[in-house]
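This report describes the fold of one protein chain for a reader who is new to structural biology. Please consult the sequence and the model shown below while reading.

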Amino acid sequence: MSFPIEQLARHPKFVASLRFLSETLRNRYDNGPRIARMLASHQRWLLSQSAYALHLEHDPDRPRSGLTVVALRNLITHYRIASRNTVLSFIEELLTYRFLELAPGPARRPRRYVPTETAYSGMFGWYLANLAALDLIDDGSRAAALVASPMLLDLAQPRMARICLAADLWREPPESVGLFLWTESGGLVVDYIMSRLELDGKVGDRIDIGHVDARALATHFMISRTHLQRILRKSAARGDVGWYESKKTEMWISRNFLDQYCGWQAIKLAAVDEAFAWAQSTSRG
């Protein structure tokens, strides 16, 4: 039985689950920054998940199926996620960093691409982390099931990606969250913030994050310090984040920001959950 969106967003363990997920994704960046950056902005997340889903949907009886520039461009532009040129640049970047390679076999048009082992490991780790976060809520065994049957990813990921693509509220995050996520590496900053939540059982209008060094954070995530400070100032002007006057470096986020983020993340995690339950049922049938 998978979680409905609203039940997830309101669950008393959900914030702790998101903190765990953010910590896990942050550690993945430390261990492999280049692959982690593929999911570090919302646009890149949508592009990456769409590309991987198209790859898994390849049908040998349909020569034009699978991951091609044309297929990804048509899918992405249908939802107005990015321009045609952005899609082409994205594919070229994946090839340059060897996250994609040409599909084996005779050369055909349109050219079909397949993920490399590095890209597969990255996507497997991402889905596994999300399943583990769900397990924390209900003491489930989803993550163990994926480890035991890795092929379940091939069924679950395309379904999850399609559900998220079709969800207007997922494609367009709330303004407070989108301020970060529509920028380069903004997702990494949000993961950092969420991983620092001080959960003491008392969640008021402000939730403590602790000491935040913007200069060190920008260096770690390889982004412009000026760019990061600009985002934080805009967020502060909205009342979504702030600093305690006494120390200036001690940061907080607003309850509204947390609620908006939880509601948005619940859409994706519900899709992850539903798609995995469907994959398990399908594989047994």
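## A glutamine and its surroundings

In this predicted model, Gln 49 is in contact with Leu 39, Met 123, Trp 126, Gln 157, Met 160 and Ala 161, when residues up to four places away in sequence are not counted. Gln 49 belongs to helix α4. Is Gln 49 buried or exposed? The relative accessible area of Gln 49 is 1%. Since buried means under 20% relative accessible area, Gln 49 is classed as buried.

## Helix α4 against helix α6

Helix α4 covers residues 42-56, and helix α6 covers residues 84-96. The axes of these two helices come within 11 Å and cross at roughly 70°. An angle of 65 to 115 degrees counts as roughly perpendicular, so α4 is roughly perpendicular to α6. On the α4 side, the contact is made by Gln 43, Arg 44, Leu 47 and Ser 48. On the α6 side, Thr 86, Val 87, Phe 90 and Glu 93 take part. By type, the residues of this contact comprise three nonpolar, three polar and two charged.

## Strand β5 and its partners

Strand β5 consists of residues 250-254, and four of its five residues are buried. For this reason, strand β5 is largely enclosed by the rest of the structure. Which strands pair with β5? Strand β3 does so, and strand β4 does so as well. The table sets out the two pairings.

| Strand paired with β5 | Residues | Sense | Bridges | A bridge pair |
|---|---|---|---|---|
| β3 | residues 206-211 | antiparallel | five bridges | Arg 206 with Ser 254 |
| β4 | residues 241-243 | antiparallel | three bridges | Val 241 with Ile 253 |

A general feature of strands is helpful when viewing this region. In a regular strand, side chains alternate between the two faces of the sheet.

## The chain as a whole

The protein chain contains 15 helices and five strands. Its radius of gyration is 19 Å, close to the 19 Å that the globule rule gives for 285 residues, and therefore the chain is as compact as a globular protein of that length. Along the principal axes, the C-alpha atoms of the chain fill a box of roughly 65 × 40 × 30 Å. Of the 285 residues in the chain, 49% are buried. Among contacts between residues at least 6 apart in sequence, 69% join residues at least 24 apart.

Technical notes
Residues are numbered from 1 along each chain as its sequence is written. This is a predicted model: local features need pLDDT of at least 70, side-chain atom pairs count only at pLDDT 80 or more; totals for chains, interfaces and linings use all residues. Side-chain values use heavy atoms; hydrogens and water are left out. Buried means under 20% relative accessible area, exposed over 50%, partly exposed in between (1.4 Å probe, protein chains only). Two strands pair if DSSP finds at least two bridges between them. Axes are lines fitted to C-alpha atoms, for helices over the stretch in contact, and angles run from 0 to 180 degrees between N-to-C directions. Angles under 35 degrees count as roughly parallel, over 145 as roughly antiparallel, 65 to 115 as roughly perpendicular and the rest as oblique. Contact means heavy atoms within 4.5 Å. Ala, Val, Leu, Ile, Met, Phe, Trp, Tyr, Cys and Pro count as nonpolar, Asp, Glu, Lys and Arg as charged, and the others, Gly among them, as polar. The radius of gyration is taken over C-alpha atoms; the globule rule is 2.2 Å times the number of residues to the power 0.38.
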